[in-house]
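Take a look at the model below and scroll through it for a moment. After that, let's walk through some questions you might ask at the bench.

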Amino acid sequence: MASRADNIASNLNLGNFAKATELKQRIWFTIGALIVFRFLSFVPLPGIDPVRLAAFNERASGTILDLFNAFSGGALERMSLIAVGIMPYITASIVVQMASALHPALSALKKEGASGRQKLNQYTRYGAVLLCVIQGYAVAANAVAQGIAVDTSPLFYITTIINVTGGTMFLLWLGEQITSRGIGNGVSLIIMAGIVAQFPNFISSLFEGGRTGAISEFVIIGFIAMVVFLILGIAFMERAQRRLTIQYPKRATERGMMQAERSYLPLKINTAGVIPPIFASSLLLLPLTITQLVGTSIAPGTTAYTVLQTMNQYLQHGQPLYMTLYALGIIFFCFFYTAVVFNPEETADNLKKNGGSIPGIRPGKRTADYLEYVLTRITVIGSIYLTVVCVLPEAVIAQTGIPLFLGGTSLLIVVNVTVDTISQIQSHLLALQYGDLIKKAKLKGRMR
């Protein structure tokens with residue numbers, strides 16, 4: 001049976017949007033912040049030759065750099081201040097979250113509440129700065145190796161590292177401002193904006209390929225149908241939950257009757273979110289990144305050059321070895337990250353302290369075992385779903401030659417962030433509708 005809140009949420013009146021002044025201000029602030037992000041992607045790094053950069057982008061078209069360029073919103077191909085985007089912070093955040101589940105000291109910080117989370121966030125920022133320095137050096141080394149840098153002195157390396165680090169830290173600050181003063185998760189919205197910004201170029205190149213005959217019309221229609229099917233499937237699976245009934249002891253009501261309270265413990269089918277494909281692809285892209293950025297500085301014929309070329313050959317997108325390792329990595333990180341973010345023993349202890357229990361299951365260890373059993377089963381479904389969503393586009397792209405960046409990970413991020421943002425907008429409208437109901441109730445009380 002639907003609750004009263006569910007009934008109100010299903011009957012939301014979008015006409016209340018005109019009355020939601022605060023919500024409109026938050027939406028305009030979010031749009032303005034994303035416009036600033038897009039402007040920054042066009043501000044070039046100092047010391048880059050634009051003519052040589054354009055020639056290099058033509059040579060690198062269709063390589064793995066297209067995927068990195070998609071997540072940065074085209075900033076990487078323009079060698080802008082935010083060339084590495086906000087991905088260093090995402091990587092540092094994943095590492096800190098996993099370390100907090102494995103390291104006792106960090107695990108203790110996690111249990112300290114707000115102060116512990118603040119320290120973990122500080123460690124995450126330190127890690128993001130370290131990764132920015134490393135990636136900034138890689139960007140400078142690649143610019144020098146490809147001949148697109150005007151100056152090859154150490155000053156160019158230092159300037160590039162400072163600018164890239166400062167750009168990423170500014171994006172992080174901008175994302176925090178969106179989260180606190182705008183609508184939605186700021187960091188996720190910035191990543192989504194970078195991906196969506198590449199959609200017009202992708203659509204134009206797709207239909208241009210169909211016009212010139214490079215891509216068959218049936219392939220284009222089939223690809224569009226596959227994307228629509230994946231979007232609908234992602235939206236359905238991301239909202240899917242396994243609800244466990246939680247029963248609380250009987251309590252006296254206003255009429256003196258004893259009534260048992262019931263609620264639900266929602267377990268998402270995909271508890272890990274987009275973390276497994278991002279982490280699995282990051283590990284597989286590491287050798288390819290080294291080959292693309294540093295490979296030209298290694299002398300041909302050496303052992304290191306041979307190893308890098310062999311890894312580059314077998315770990316290219318669409319290769320059977322790559323897709324097999326990618327699928328196994330997604331499944332592994334699904335179970336690993338789910339174990340990190342959800343602790344059955346801690347949840348069972350919290351239920352026991354609050355007097356709650358699952359009907360037919362004893363509180364304590366039996367409840368923890370049951371939660372782990374249910375979580376394992378739904379994680380199997382979630383891992384299969386993520387594997388299909390991420391591997392299927394890779395196989396289609398490998399067979400058809402469609403541009404590389406529109407993969408399952410991109411679709412996952414776009415759909416997830418869109419659904420989350422719409423949910424937050426609905427929450428604001430629901431709060432406004434509740435406020436109107438309370439005002440009407442007070443007015444009727446005064447009239448009586």
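Contacts, helices and hollows

Q: Is arginine 211 buried or exposed?
A: Its relative accessibility is 62%. Buried means under 20% relative accessible area, exposed over 50%, and partly exposed in between (1.4 Å probe, protein chains only). So arginine 211 counts as exposed.

Q: What pLDDT do side-chain atom pairs need in order to count?
A: Residues are numbered from 1 along each chain as its sequence is written, and side-chain values use heavy atoms, with hydrogens and water left out. This is a predicted model, where totals for chains, interfaces and linings use all residues, local features need pLDDT of at least 70, and side-chain atom pairs count only at pLDDT 80 or more.

Q: Which residue does arginine 211 meet in a salt bridge?
A: A salt bridge here is a side-chain nitrogen of Lys or Arg within 4 Å of a carboxyl oxygen of Asp or Glu. The partner sits three residues away in helix α10 (residues 199-212), so about one helical turn separates the two. Helices are DSSP runs (H or I, at least four residues), numbered from the N terminus. At 2.5 Å, N to O, the side chain that arginine 211 meets is that of glutamate 208.

Q: How many salt bridges are there?
A: One of them joins arginine 211 and glutamate 208. Counting by the 4 Å rule, the total is six.

Q: How many residues apart in sequence are the parts tied together by arginine 125 and glutamate 176?
A: These two form a salt bridge whose closest N and O atoms are 2.1 Å apart. Arginine 125 belongs to helix α7 (residues 114-145) and glutamate 176 to helix α8 (residues 154-181), so the pair ties together parts separated in sequence by 51 residues.

Q: Which residue of the salt bridge between aspartate 369 and lysine 365 is exposed?
A: Their side chains meet at 3.1 Å, N to O. They are four residues apart in helix α16 (residues 365-400), so they're about one helical turn from each other. Aspartate 369 is partly exposed at 35% relative accessibility. The exposed one, at 63%, is lysine 365.

Q: What distance does α7 reach from its first C-alpha to its last?
A: α7 has 32 residues. The expected span of a helix is 1.5 Å times one less than its number of residues. That gives an expected 46 Å for α7, and its reach is close to that, at 46 Å.

Q: Which residue with a positive phi follows α7?
A: Within α7, the buried residues include Gly116, Leu120 and Cys132. After the helix comes a residue with phi near 75 degrees, and that is glycine 147.

Q: How are the rings of phenylalanine 332 and phenylalanine 333 arranged?
A: Rings of Phe, Tyr and Trp (its six-membered ring) pair if their centres lie within 6.5 Å; planes under 30 degrees apart count as stacked, over 60 as edge-to-face and the rest as tilted. The whole structure has six aromatic pairs, among them tyrosine 322 and tyrosine 326, stacked at 5.7 Å centre to centre with 25 degrees between the planes. Those two tyrosines are buried, tyrosine 322 at 1% relative accessibility and tyrosine 326 at 2%. The phenylalanine centres are 5.1 Å apart with the planes at 70 degrees, so that pair is edge-to-face.

Q: Which element gives the largest share of the lining of the largest cavity?
A: On a 1 Å grid over the protein atoms alone, a cavity is a set of points where a 1.4 Å probe fits but cannot get out; lining residues have an atom within 4 Å of a point. The largest cavity holds about 40 Å³, a volume being the space filled by probe spheres set on grid points joined across faces, edges and corners. Two elements, α14 (320-341) and α16, give two or more residues to this lining. The largest share, three residues, comes from α16.

Q: Which helix gives the most to the lining of the second largest pocket?
A: A pocket is an open set of points with protein on both sides within 12 Å along at least five of seven lines. The second largest one has about 1,500 Å³ of space. Of its 46 lining residues, those closest to the centre are Gln97, Asn185, Ser188, Ile275 and Tyr337. With eight residues, the helix that gives the most is α5 (residues 87-102).
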